[in-house]
Structure formats: structure tokens, C-alpha cells
There are 2 protein chains.
Amino acid sequence: MRDVAIIGVGMNKWGELWESSLRDIFTEAALLAIEDAEVDHIDSMYIGCMSSGLFVGQEHLSSLLTDYLGMGPIPATRVESACSSGGLALRTGLIDVASGMNDIVLVGGVEKMTDVSVHGATFALSTAADQEYEVYHGVTFPGLYALMARAHMHRYGTTRKQLAQVAVKNHYHGSMNPLAQYPQKITAEEVIESVMVADPLRILDCSPITDGAAAVILAPLDLAKKISKKPVVKIIGSGHATDTIALHSRKDLTEIKSTERAAKIAYEMASKSPEEIHLAEVHDCFTIAEICVIEALGFAEKGKGGPATEHGMTTLGGKIPVNTSGGLKSKGHPVGATGVAQAIEITKQLRGEAGERQVKNAKVGLTQNMGGSGGSSIVHIMEVV
Amino acid sequence: MRDVAIIGVGMNKWGELWESSLRDIFTEAALLAIEDAEVDHIDSMYIGCMSSGLFVGQEHLSSLLTDYLGMGPIPATRVESACSSGGLALRTGLIDVASGMNDIVLVGGVEKMTDVSVHGATFALSTAADQEYEVYHGVTFPGLYALMARAHMHRYGTTRKQLAQVAVKNHYHGSMNPLAQYPQKITAEEVIESVMVADPLRILDCSPITDGAAAVILAPLDLAKKISKKPVVKIIGSGHATDTIALHSRKDLTEIKSTERAAKIAYEMASKSPEEIHLAEVHDCFTIAEICVIEALGFAEKGKGGPATEHGMTTLGGKIPVNTSGGLKSKGHPVGATGVAQAIEITKQLRGEAGERQVKNAKVGLTQNMGGSGGSSIVHIMEVV
């Protein structure tokens, strides 16, 4: 397999983009990435999108988006793995370049969530869970993550305030990201007093509904070194794993096994340990998710994710800053785009372009993106070369 | 890139499978393929599915189907490119094995179309067209292909009877396929007198709504030769291309440019010309589609697809039998599964396992799968080694 690097990144301002359609927001992000990479062509394209069928009545994004980007007739592939669709697009694009099939590959992610055509957004998102055994009985994602939160609190003594601290930290980070949907700083009291969604999770524990897109350009490392005018970010590890789709099939509600396994594969491929990671972007769809995930990634011991967050380990300036972009919580969560945007934040940090929220001496970063209640996870490790 | 071969195939009887859910029919086909390949594990999985979100309210098939197949935690990827999702799954699986990332890869396709949850099947299928500029104005696929048929008849003198002959031939072939949804032989008169759908296309010009799944097992060629007890089918060419999603953006309604380009790439990679192909499975979603496609593939001159069909060139026993499986028309068209089922028919023919419908001395076969009105196409060429 050939070594692969990221040579360009592009992302638009996320939010409720009522004046733009799916094709508009994707094209904008893709053109920004092409401009950043300073390439004059692309050879193939991978698009992460969870449910454009339910959100805007449009499938066949491969044809639509190459068409509107003016890139037809290049091959294009849309991949879907619920909220990890963006991370999966990065991985399939990586495999394409690594195989030698294509050289300059655009990996994009997109979701247009605020123009819901028929179903509500909650129904569209619920299709990431088990339709026959979970959704049919009325459960939606806040409920599933609430079960995980209650189990974690019961077993490990994780507190309401520790959950809130994830949101406080990520909004603090997001306040330094001009592209974030909700760049407002918030306090733990505001989280704890916000409206209840699914006990113990309140509205400020939940990531928002967002329109947004993100894109990166991949190239073989050798070519990247020749053509890139910016620091080249090599992808040194890639792990991908699945778990049962339904939460009720898991032995332990507090563990994200698919992330543990994907991380193990990525660490081995990269020859890195958790201690050698300088910063990470992880899947904080709900505050409890970030606590479980930093444990699954080995940044905190099992059951210690809450105290680690409370004591600042994952805050900018701490031992391992997590979600310096603002994460899903503050930056927004257009589900298909999230995994690609994580790679953008790590690239910007490793290039030293993160401005106010720059992590000092960041050389190695990690992204973790997951689908559903952890039914799929994708982990990448990147190093500036 | 490593050479890649097909070492196992599996498909269930297609039809209106009201007693089975999406997960049931996929698992059945996948287990048949695993049994046929006689492998004791798989390393990763690719799933072609167009719109399980709209058809059954379920995305995240990567997690669901590894779970129900008992294959978690292996990595799994769902790909979508409308009706070419199955062909795309084959191509992404091929790239995965070629890259060296994984060895034994299951490529499956599935669609459950008769349990439509909210929208009708016609709406779900229409999401393969341009939602904003075609579907919004009321056009659906029979209408789009009717425009192509009228243009072909006007420019080249293609006749109503020649269109009918595509259906007659494919139902004749399908009558020898025990897994076909509609294995009844039909006559040209029956086609021409069947109920009108979109002038000039009648119901017997249209492929049906189908529940079905299909799966193949891929392996690196070297490993395949060691472990396979059956003739090994090497994938010697793979081409993938896109075109404008909307028909109104094309210069010529009679040409499938994405197929022309995908075929050119596949022929070059395989070092084969159209004359060296012994049989083909092509995308006859409507009768006119097969006529345009055999021209795009170089089996007939431009404009001569109608007469070539009428004179038996593509019938079993003719110069190049097309759709010996019965094609989409008779075998059925569960959209995500179709491209994978095409690879199954070619594999069975090249192995000499096609029974009554066996093409004599078949050594090289081709599959052509397309999305929408030709917005995406995927062509593969296979040779028995």
C-alpha cells in the first residue's frame, strides 16, 4: 500500500443554511479544499452522507455532486455508515489512493438536515438504530445515550457536573472557531438547568441539527511532498470496526467496543500509543459519548473519563486537548460531514493554522467518528511530516 | 495493485418477499456465498444499497448486517450510487483487496422494495434523478427513459417491435433461471399490447419492483488459486464514470456517456476489445436502456442496437448473449443487489454452472450497471483462469 497524505482542506460556516441546498454547501466546501490544495484536477471522489434520501429526497450524490462541482465524468462513491459516514469516506478514499487506483482524491462529507422533506430529523436520525427492535418501540438517540449515561453514572460514579463539563469545554473551544454553528460559551449551571430531553441528558448535552459540508484532498505521500506548498499531513493509522446495532445486544452499556477495536488497529498501524497523541477530535454527539470515547481511546482509564474531563485533561492547555474545533456539540453535527471536519481540524492544528485555539507543538493527532450508539467506529491517526 | 478474483457467489430467489425483512434476505445470500467459497472467515464487507432509508426506514446497514451475519466486529461499508450501488460495491471491494488492506472480502447488494414505509417505491426510485430540477416537476423514471426511447426511435428508426424484443429475449433467458422473479416467457405482441406507462414504454418494457439480495466473495488471485476448489474468476477490468444527473443537461439523449467511458477504462485495463467479450449482463431497467447500452459497450454500432437485438445477436446462441440471467426485466431489479447479481451470472457462466442457459466456451464476461438515467456507470470484465 502507498502512503497517503492530506494536502488540502475546506469547510464552510455551519448552521441552519436555509438559503443553500445540499449541492450548494457541498460544492462550496469542495472548492475551498481544491483551492487550499492548489490542485488543477481530481481523479476520484468519495462522499460521506448519512440520509439525503430522508432529509432532502435525493440519493445518487455521486452523479449530482460531480455534476455540480464540474468534475464529471470522474468516478464518485457515496458511502454511508450513519454518523460515521464522513470518517468512512476518509477511509475509503485512503484505500483508493493507497491501492494505486487513483492519485488526487477528494473526500467530502455533507448533510442538509434543516429542510426535512417528509419525516422529521429525529426520524431520519433514528434510522441509525435498529429499526425493527429499537425505533419501532419508540426509542430515539437521546434515549439510547441517556441509558448509556445512567449506566456510566451508576457503575463509575460519573456526575451530572462532569457530563456538563464536556459541553462547557467544547463550547469554550468552539468560541474560538469562526465556522462553528454555536460559538457561544456556556456554563455548567446553564447545561444542568437547560430543558430535559431524556433523563439525565438535557438540551445542552446534545449536539445540534446542522447543515454543513467539509472536504479534504488526499494524495500519495511522495506526490504530496512534491506538490504541496503547506506542511504535509500523513495518515499513519486507520482503523474501522463494527458492533451490534442495537444497544440491548451489548454486554456493557458503558463501553464503545467498536471504538476500542478501531483504535487498537489504528494505533498498531501507526506504531503509536495513546500517550503519543497530542490532540484528538472525537464524536461528542452527546456529552456522555465523549466520556465513553476518551476511555475507549485509552486517554483515560475505564470509568475515569468524567473526572479527567472535570480536571481539565481534555481542555486546550491540558494533557490531551479533545475537540479543539468545538466538537459536534458547538461546531455542529451535519452527520455525513462530521468525520471529514474532524480531519480538517487535525490538519489545521498539525499545520499550525488553528489560530487562538492552536495546540502547542502538535505533531500527531487522532480522529474518532462513530455511527449510531457505537454500531460502527472509524479512527484515524495523522502526523505532520 | 494486487490481482483480485471471485471465489464464491450466493443469491436467493427474488420476488415479493413479504415474509422476510431486509436483514433476512441479505443474510441468506451472504451465507450462500460464504458456503460456495468455503471460507471460514471474512475480513471486510461492502454493501450496495440504494435507499433503505426510504424503503424500510433503516440506514447504518454496515452495523446491522455484520451484526445479523454474525461477522461483527469486521469493518463494513455501505455504498450508494442509485441503481448502480451493487456494481459500486463490487468496485470498492475490489479496490480494498487490490490495496492489500484486506484479503477475504464479502461484496453484497440488497434492496427491500415492497415494504415501503412512507413514500411509494416510485418516489424512492425518483431520488436517483435530480430532485430539484426533474422530480420536483413531476418526472419519474419511466418518463425519463420514454424520452430516451422517443429520441432513439426518431434519430435511428428504432421500432416498437425492437424494444419489445429486448423484453422477449430477457424473459426467454429468465425462463431458464430458477431464481428469477418473473420466469414467464412473453411474446412481442404481449409487450406491445400491455398497459401504457409512459409512451412508448409499456408495463412489459419496465423492470419490476423486487425484494432481493446477492453476494460474492473476493480474494487476492494468488490466495484464490490456493484455496478455491472451483474455477477462479479473475476481475481483469474495472471502469467507473459519472455523467450529469439530469437528462436535460445531456447533449444527446440516445447516448449513455458514463457507460461509454467506464467501458473504455475497463477494456483498456483488461486489454480486451468488445469482440473479445463472450457474454454480458447489462442494465435493462427499461427495454430502451439495453439498446443504448449495447451500443455504448461497442457490441453494436451507434443506432444499430435495435436491429442487432431483433436479429438475435444478443440472444443465447447469438454472437454475444446479453442478460442470460433474465436481466433486470425478468430476474427482477432490487436496485442495490442488481450489480452484484450481474457478477454472479458471469461467474456461473465462466465456471460452466449455468445449466440450460449456459453459453458455450464462455471465458470472458462483462457486467454493466448504471444509476438513474445514466448519471453513473460501472463496468467490470472477468475472465476464468
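In chain B, B:Pro73 sits in the loop that runs between helix 3 (61-69) and strand 3 (76-80), where helices (H or I, at least four residues) and strands (E, at least two) are DSSP runs numbered from the N terminus. The peptide bond joining B:Gly72 to B:Pro73 is cis, with omega about 10°. The model is predicted, and local features need pLDDT of at least 70, side-chain atom pairs count only at pLDDT 80 or more, and totals for chains, interfaces and linings use all residues. Residues are numbered from 1 along each chain as its sequence is written, while chains are lettered from A and ligands numbered from 1 in the order in which they are written.

Chain A offers a cis peptide bond between A:Asp199 and A:Pro200, again with omega about 10°. Here A:Pro200 belongs to the loop between strand 5 (196-198) and strand 6 (201-202).

Turning to backbone phi, A:Glu38 is not a glycine, yet its phi is positive at about 55°. This residue is placed in the loop between helix 1 (22-37) and strand 2 (44-48) of chain A. A:Asn361, also not a glycine, has a positive phi of about 55° and lies in the loop between helix 14 (335-351) and strand 10 (364-371) of chain A.

Finally, the interior: the largest nonpolar core (buried Ala, Val, Leu, Ile, Met, Phe, Trp, Tyr and Cys residues joined through C-beta atoms within 7 Å; buried means 20 or more other C-beta atoms within 10 Å of a residue's own, with C-beta atoms placed from the backbone) has 274 residues. A:Val216, A:Val340, B:Val216 and B:Val340 touch the most other members.

Methods: A residue is buried if 20 or more other C-beta atoms lie within 10 Å of its own, exposed if 12 or fewer, and partly exposed in between; C-beta atoms are placed from the backbone.
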